[in-house]
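Okay, everyone, let me put the structure up on the screen. I'll talk you through a sheet first, and then what sits around it.

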Amino acid sequence: TGLLLPGQAGQRPGRGKGLAAEFPAFAEAFDDACAALDPFLDRPLRDVCWGDDAPLLEDTRWAQPALFALQVAGYRLLAAWGLAPSVVTGHSVGEIAAANLCGALGLDDAARLAATRGRLMAELPEGGSMAALSGPPAELAAIAGELPDEVAVAARNSSTGLVLSGGATALEALLAGLDPAVRVSRLHTSHAFHSPLMAPAAQALAGASAELAWTPPRLPAASTVSGAMVEEHTWRDPGH
């Protein structure tokens with residue numbers, strides 16, 4: 001059994017309040033994750049998730065920590081029900097949660113990395129666009145193989161689903177020329193995540209990763225960066 005932890009692109013993180021009210025295991029794990037994240041945030045994450053200012057969760061500096069906390073709590077709830085995956089994997093901020101849940105990174109260090117990642121991306125200039133494409137596999141493969149420099153594949157959700165991200169002008173020009181068989185849904189995001197526009201944050205994020213205490217994992221993890229199983233030395237590689 002495998003567990004996939006999603007990333008941020010195109011998602012609005014659920015608040016988790018109902019799960020916390022119904023399941024003590026979720027509530028305890030969510031509180032533990034928030035406690036680990038709060039030293040790196042401007043206000044308590046629990047208040048942001050369950051408060052009245054819903055647009056805050058559309059800001060990536062809050063969305064990424066919120067997703068991390070919900071993913072960790074969701075995993076702990078599954079564990080309380082006796083469900084134990086034999087492998088984990090995660091896309092985007094989900095791979096930070098996967099690193100914690102497989103044992104490669106302690107909760108405090110994983111929380112620090114998730115919060116730092118959200119802050120660094122939020123500090124980049126806003127702009128760019130993201131779009132989810134669905135259509136025939138051959139058509140999507142052709143699109144992904146001929147992208148302009150300012151546009152990148154943010155996620156491959158399936159053979160019939162693709163998320164593109166990049167400069168708004170370049171992406172809009174690409175979308176305007178697509179075959180009618182390809183359906184397009186524009187994503188409401190503050191930045192063009194997983195695109196070349198994120199490059200200025202990469203060096204600082206690698207530096208933050210290099211300062212963390214990586215440990216031998218208890219569970220295997222598959223990487224959505226490379227598509228391969230993550231070796232112990234890969235977790236320690238700041239470039240990853």
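Look at V151: straight across from it, in strand 5, is G166. This is a predicted model, by the way. That pair belongs to strands 4 and 5, which run antiparallel and are joined by six bridges. In general, strands of a sheet pair through backbone hydrogen bonds, either parallel or antiparallel.

Now zoom out a bit. The sheet is an open one with four strands, in the order 4-5-3-6, and the pairing is antiparallel. So which strands stand at the edges? Strand 4 and strand 6, residues 183-186: each has a single partner strand, so one side of each has no neighbour in the sheet. On average, neighbouring strands here are turned by 25° against each other, ignoring direction.

Next, the helices. Helix 7 packs on the sheet, touching strands 3, 4 and 5, and its direction makes about 20° with that of strand 5. Helix 8 lies across strands 3, 4, 5 and 6, at about 25° to strand 3.

Back to helix 7, residues 137-144: which of its residues are buried? L140, I143 and A144. They cover an arc of only 95° around the axis, which puts them on the same side of helix 7. The buried residues pack against strands 3, 4 and 5, and against helix 8 too.

Last stop, the largest nonpolar core, with 47 residues; F30, L37 and W214 are among those with the most contacts inside it. Helix 4 gives the largest share, 10 residues. There's also a second, separate core of 14 residues, including A131 and L162.

Methods:
Residues are numbered from 1 along each chain as its sequence is written. This is a predicted model: local features need pLDDT of at least 70, side-chain atom pairs count only at pLDDT 80 or more; totals for chains, interfaces and linings use all residues. Side-chain values use heavy atoms; hydrogens and water are left out. Buried means under 20% relative accessible area, exposed over 50%, partly exposed in between (1.4 Å probe, protein chains only). Helices (H or I, at least four residues) and strands (E, at least two) are DSSP runs, numbered from the N terminus. The arc is that of the directions from the helix axis to the C-beta atoms. Contact means heavy atoms within 4.5 Å. A nonpolar core is a set of buried Ala, Val, Leu, Ile, Met, Phe, Trp, Tyr and Cys residues joined through side-chain atoms within 4.5 Å. Two strands pair if DSSP finds at least two bridges between them. Axes are lines fitted to C-alpha atoms, for helices over the stretch in contact, and angles run from 0 to 180 degrees between N-to-C directions.
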